[in-house]
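Me: I am new to this structure and would like a close look at a single part of it. Please pick one helix, say how it sits among its surroundings, and then add a few other local details for comparison.

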Amino acid sequence: MNGELVKNEEEPFIVKVRGLPYSATAHDVALFFSGCDIKGGKGEGVHFLFNPQTGKPTGECFTEFISAPDMRKALLQHHRYLGRRYLEVERCSEEAMKQTLKTHGEEVRQSCPIVRLRGLPFRTTDSEIEKLFNGLSISKLVIVKDPRGQAAGDGYVQFEKDSDMKDALNRHMEKIGHRYIEVFQAYNVTDLDEMPKSRPVKPLKPWGSYSGDQSPGYNVYPESGGWGTPPPHRMPPRPYHSLRMRGLPFEATEQDIAEFFDPILPVHIQIVFTRQGRPSGEAEVTFANYADLTNALSKDKEYLGNRYVELFNESSGNNGNSNSSPTPGGYMHNPYQNRFPSMAPPRGTNRAPNRRYYER
């Protein structure tokens, strides 16, 4: 089919790309087609496709080129790799592109000035969220609860203006208490009053039962089946006893992390991603008690795959006493500000250029 279309070298010169990583950007596509002139530049000539129900990328895009030679060179990239994924590249007509963009283009991502928060402490209050977004006009906020009525770690905030929402996105990875908070734009959420205020607890299978791309969700306590109801000594205390991992292989999964700490049993594992959706090489792991945390920290600088992993204590210390002496592999209070002062990203335009911030 590509051969027949190439013979007709009349404008426009468009190819369709399939198999993109969901985190791919227009810059990634431009690098993949390096040496080919994209019509209008990567900002105008690359059109990503999105699921109209969820607003999430489908892994496909259309790319427009200036000339036939550019398009022919682009078609030679068929089955070449972008990262660890090979892409399919074929020519398509302008009519086909326009029809597809009507139903799967950027316009289908319904967007209101609403952000989603992830990683909230389980005792977060409305006032703490308002303090995080100090100076911005909040019209509504929702803290999602689990069936027990406890905070589930997620929340939504609606702002009065789009400019306030954009400012809120710059506060991604700032802290409430000892937790870094992820801030994402919420697509296809138009009214917080119509949102469910709670979510079901997802049962978690034993680690060894996951295969392929499956991975455990946020809640590690199944209500029935799998591990069964956790014994009392495994119920998470308040505050949580957490550590941060740095130096993970980018392909590491929750199961790999759980096996790294075996026989110690984590109660919560959260892999940290960049805003572009790529693994950052970090994870936050929570344990049921201080003894488990201390034992886990003793694995500091042990190897996971072919990389050694650094561990940092993010809890308040022994039995929640912040005056306790430092534990192995960790630093008390805020280890990232004490030892890595540039780790927490500054707000807005104060971000240093060419620095990779550790964002989820």
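Reply: What follows looks at helix 8 and then turns to two other places in the chain. The model is a predicted one.

Helix 8 covers residues 254–261. Of its eight residues, six are buried, so the helix is largely enclosed by the rest of the structure. A residue counts as buried here when its relative accessible area is under 20%. The buried residues of helix 8 are Glu-254, Gln-255, Ile-257, Ala-258, Phe-260 and Phe-261. Several elements take part in covering these buried residues. Among them are the strands 12 (241–246), 13 (266–273) and 14 (279–287). The cover also includes helix 9 (290–297), strand 15 (303–304) and strand 17 (310–313).

A second place is Asp-28, which belongs to helix 2, residues 26–32. Asp-28 has 14% relative accessibility and therefore counts as buried. A polar atom of the Asp-28 side chain lies 3.0 Å from the backbone nitrogen of Thr-25. Leaving aside residues up to four places away in sequence, Asp-28 touches Ser-23, Leu-82 and Arg-278.

The third place is a hairpin made by strand 8 and strand 9, with five residues between the strands. Strand 8 spans residues 138–145 and strand 9 spans residues 151–159; the two run antiparallel and are joined by six bridges. One pairing is that of Lys-145, whose bridge partner in strand 9 is Ala-151. Within this hairpin, Gly-149 takes a positive phi near 85°.

Methods. Residues numbered from 1 in each chain as written. Predicted model: local features only at pLDDT ≥ 70, side-chain atom pairs only at ≥ 80, totals over all residues. Heavy atoms only, no water. Pairing = 2+ DSSP bridges. Helix = DSSP H or I, 4+ residues; strand = E, 2+ residues; numbered from the N terminus. Buried < 20%, exposed > 50% of the residue type's maximum accessible area, 1.4 Å probe, protein only. Polar contact = N/O pair within 3.5 Å; in protein donor to acceptor, adjacent residues only side chain to side chain. Contact = heavy atoms within 4.5 Å.
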